[in-house]
Each structure stands twice: as structure tokens, then as C-alpha cells.
Amino acid sequence: MLSQLIGGKSSNRFFRYEVSGLRQNEETENTDYQIRNSGSVFITVPYNRMNQEMQRITRLGGRIVNIQALNPEPTAEG
């Protein structure tokens with residue numbers, strides 16, 4: 001894993017957050033869609049934005065229920 005970070009391959013890694021409890025507020029009213037209060041929402045983020053997205057979810061009143069690593073598609077690297 002450390003070799004992936006050093007080699008610059010971390011940008012190919014994505015994670016899916018399962019978030020519950022998001023609510024509509026001043027920040028989310030600027031989006032083109034409503035955020036519902038119940039149920040889970042799935043948000044996919046690249047590795048390099050994980051911390052920023054966690055902070056945003058917290059500001060919106062959400063709670064991260066699960067984080068799942070998504071495998072990138074295989075590349076033709078030798």
C-alpha cells in the first residue's frame with residue numbers, strides 16, 4: 001500500500017461511503033437535488049479527497065455508517 005502512495009497510484013483508488021442522517025440545510029440548498037432525512041446515501045470519493053468528504057458529511061449532519069474500498073479497473077501495466 002505504501003508503494004502505491006509513493007508511486008502516485010493512489011489517485012486511481014476510490015472509496016464508497018454509506019452515509020445516514022443527511023439533512024437539508026443552507027449548504028445543501030445550493031445543490032440541484034434534495035437530500036432526504038432518512039435512509040442511506042452512497043457517496044463515491046477518490047482517496048485524495050477522503051478527509052475533505054468526511055468533514056463535509058459531518059457538517060451536513062450525516063453519519064458515516066460504512067466505508068468500502070472500490071477496486072480500480074485493471075490496467076495494461078506490465
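**Notes on the strands and the overall fold**

1. Let's start with one pair: valine 19 has valine 41 in E2 as its bridge partner. Keep in mind that this is a predicted model, where local features need pLDDT of at least 70, side-chain atom pairs count only at pLDDT 80 or more, and totals for chains, interfaces and linings use all residues. Numbering runs from 1 along each chain as its sequence is written, and side-chain values use heavy atoms, with hydrogens and water left out.

2. On its other pairing, valine 19 faces isoleucine 64 of E3. Strand E1 (residues 14–20) is antiparallel to E2 (residues 40–46), with seven bridges. E1 also pairs with E3 (residues 63–70), again antiparallel and over seven bridges. Pairing here requires at least two DSSP bridges between the strands.

3. Why is E1 largely enclosed by the rest of the structure? Five of its seven residues are buried, so that follows directly. Buried means under 20% relative accessible area, with exposed over 50% and partly exposed in between (1.4 Å probe, protein chains only).

4. Zooming out, the protein chain has two helices and three strands, in the order α-β-β-α-β along the sequence. These are DSSP runs numbered from the N terminus: helices are H or I with at least four residues, strands E with at least two.

5. Some chain totals: of the 78 residues, 23% are buried. Taking contacts (heavy atoms within 4.5 Å) between residues at least 6 apart in sequence, 69% link residues at least 24 apart.
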